[in-house]
Amino acid sequence: MPFKEPSPKWLAIVLNIVALAIAGLLAIPFMSLSGPYLYQDGAFPSFILGLVCALVAMVPHELLHASCFKEEVGVYLWPKGGAMFVLGLEDMSKGRFIFMSLLPNIVFGWVPFSVFLFFPQLVGLGVFGLIGTSGGAGDYVNAFNALTQVPKDAAIYMSGARTFWYRRTAA
């Protein structure tokens, strides 16, 4: 059974709204905490370094997804859509699919931003975490779909740009 998702056009709109909403929410503590440090020497280069590292992290982000597969997996670049993505044909449990979906966001988003919250002088790390967290909008939608549409005993697999699930045992 395929994940119930909007058309690709509407999905792109949803993903952009989710990403902007997350970025907007995280911008509040970022601006509040980093304010005293933004005008100190070294803050601007650190800010720029955080931006650059967030862009460079696109490749390791996908490699973290790929590391969650046990079988053959491919990392693909879609220049027209401005995206990279992972495709693997193996079935996986609901829990492993959710973990696979969220792992890069935890590593490149939640953890760096959480460290920034305790050490706001690390402005670059805050920028990196903010972008890493908001840039995972598609991953959050996949995890949400798995949580809300897939029964506990089901397996999930990807085919092209679509994600499907099926019951491993008879209901």
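This report walks through the overall build, the sheet, a surface patch and two helix residues of a predicted model.

## Ground rules

The model is predicted, so local features need pLDDT of at least 70 and side-chain atom pairs count only at pLDDT 80 or more, while totals for chains, interfaces and linings use all residues. Residues are numbered from 1 along each chain as its sequence is written, and side-chain values use heavy atoms, with hydrogens and water left out.

## The chain as a whole

Let's start with the inventory. The chain has 6 helices and 5 strands, where helices (H or I, at least four residues) and strands (E, at least two) are DSSP runs numbered from the N terminus. Read from the N terminus, the order is α-α-α-β-β-β-α-α-α-β-β.

Along the principal axes, the C-alpha atoms fill a box of roughly 60 × 30 × 25 Å. Of the 171 residues, 39% count as buried; buried means under 20% relative accessible area, exposed over 50%, and partly exposed in between (1.4 Å probe, protein chains only). The accessible surface is about 9900 Å², and 71% of that belongs to carbon and sulfur atoms. These areas come from the Shrake-Rupley method with a 1.4 Å probe, and for residues only the protein chains shown count as cover.

As for contacts (heavy atoms within 4.5 Å), take those in the chain with a separation of 6 or more: residues 24 or more positions apart account for 64% of them.

## The three-stranded sheet

Strands 3, 4 and 5 make an open sheet in the order 3-4-5, with antiparallel pairing. Strand 3 (92–93) and strand 5 (162–167) are the edge strands, each pairing on one side only. Two strands pair here if DSSP finds at least two bridges between them. In general, strands of a sheet pair through backbone hydrogen bonds, either parallel or antiparallel.

Strand 4 (residues 154–159) is joined to strand 5 over 6 bridges. Want residues to click on? Ile-156 has Trp-165 in strand 5 as its bridge partner, and Met-158 stands opposite Thr-163, also in strand 5. Strand 3 joins strand 4 through 2 bridges, with Ser-93 opposite Ala-155 in strand 4.

## A nonpolar patch on the surface

Leu-33, Val-111, Val-115, Leu-117, Phe-118, Phe-119 and Leu-122 form a nonpolar surface patch, together offering about 600 Å² of accessible area. Patch members have over 30% relative accessible area and no salt bridge; like charges are joined within 9 Å, and nonpolar side chains (Val, Leu, Ile, Met, Phe, Trp, Tyr) within 5 Å. A salt bridge, for the record, is a side-chain nitrogen of Lys or Arg within 4 Å of a carboxyl oxygen of Asp or Glu.

Helix 4 (residues 94–118) supplies the largest share of this patch, with 4 residues. Leu-122 sits in the loop between helix 4 and helix 5 (123–134), and is partly exposed at 36% relative accessible area.

## Two residues of helix 4

Leu-117, a helix 4 residue, counts as partly exposed because its relative accessibility is 36%. Neighbours within four places in sequence aside, Leu-117 is in contact with Pro-29 and Leu-33. Pro-29 is 88 residues away along the chain, yet the C-alpha atoms of Leu-117 and Pro-29 are separated by 7.8 Å.

Asn-105 also lies in helix 4. Is Asn-105 buried or exposed? Asn-105 is buried, with a relative accessible area of 0%. Not counting residues up to four places away in sequence, Asn-105 touches His-61, Trp-110, Gly-132, Gly-136, Asp-139 and Tyr-140.
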